[in-house]
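Could you walk me through how this fold is put together? Here is the model, and we can take it strand by strand.

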Amino acid sequence: MPTARRGVGMVNRRGANWSLESAPWAAGKARTAVMEQLGKWKYRPAPDTVTAVEAVTTLLIQAAVADGGTKVSVHLSDQDGQACILALSHHTGLTTGADDAGKDVLHQITAHHFVTGCGIDTGPDGRRIWAVITL
């Protein structure tokens with residue numbers, strides 16, 4: 001049984017978020033925003049880590065866009081040399097079966113060496129999909 005949830009919350013860590021139109025170009029905007037914010041937080045990841053962060057951000061946003069809502073949001077936080085990137089589709093009316101449909105994306109995300117965890121859930125405000133990456 002799905003639980004009610006309200007937005008995304010976090011404590012004891014830095015965070016940033018962006019709202020984007022749910023469009024094919026959203027992944028590119030999200031990649032740029034995430035990498036710029038990590039730079040502002042003084043992270044200087046190695047090139048292979050940058051590639052993983054960009055690829056995972058793309059997968060997350062493409063999954064959110066595929067849900068068919070009018071907007072997606074990207075949430076970024078960091079702690080102990082890791083970043084959590086979360087995408088929310090804002091498409092109401094999805095069923096928990098959307099989680100099963102997203103499991104292929106989770107397999108694609110975990111194929112990246114620097115990913116230490118990922119997950120997906122669906123609630124009244126849309127599908128949320130996230131990944132934690134070691135920087």
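Strand 3 and strand 5 run antiparallel, with seven bridges joining them. For a spot to look at in this predicted model, try Leu-86, whose bridge partner in strand 5 is Trp-130. Strand 5 is also mostly covered, with seven of its nine residues buried.

Now hop over to strand 4. Strand 4 pairs with strand 5 in the antiparallel sense, over eight bridges, and a hairpin of two residues links them. Gly-117 is a handy marker here: its bridge partner in strand 5 is Val-132.

So much for that end; now the whole sheet. Five strands make up an open sheet in the order 1-2-3-5-4, with antiparallel pairing. Strand 1 (14–21) and strand 4 (115–123) are the edge strands, each pairing on one side only. On average, neighbouring strands are turned by 15° against each other, direction ignored.

Over at the strand 1 edge, strand 1 pairs with strand 2 (residues 71–79) in the antiparallel sense over eight bridges. Look for Ser-19, which stands opposite Ser-73 in strand 2.

That leaves the helices. Helix 1 (residues 26–40) packs on the sheet and touches strand 1, strand 2 and strand 3 (82–88). The direction of helix 1 makes about 160° with that of strand 1. Helix 2 (residues 47–66) packs on the sheet too, touching strand 2, strand 3, strand 4 and strand 5 (126–134). Set against strand 5, the direction of helix 2 comes out at about 175°.

Terms used: Residues numbered from 1 in each chain as written. Predicted model: local features only at pLDDT ≥ 70, side-chain atom pairs only at ≥ 80, totals over all residues. Heavy atoms only, no water. Pairing = 2+ DSSP bridges. Helix = DSSP H or I, 4+ residues; strand = E, 2+ residues; numbered from the N terminus. Axes fitted to C-alpha atoms, helices over the stretch in contact; angles between N-to-C directions. Contact = heavy atoms within 4.5 Å. Buried < 20%, exposed > 50% of the residue type's maximum accessible area, 1.4 Å probe, protein only.
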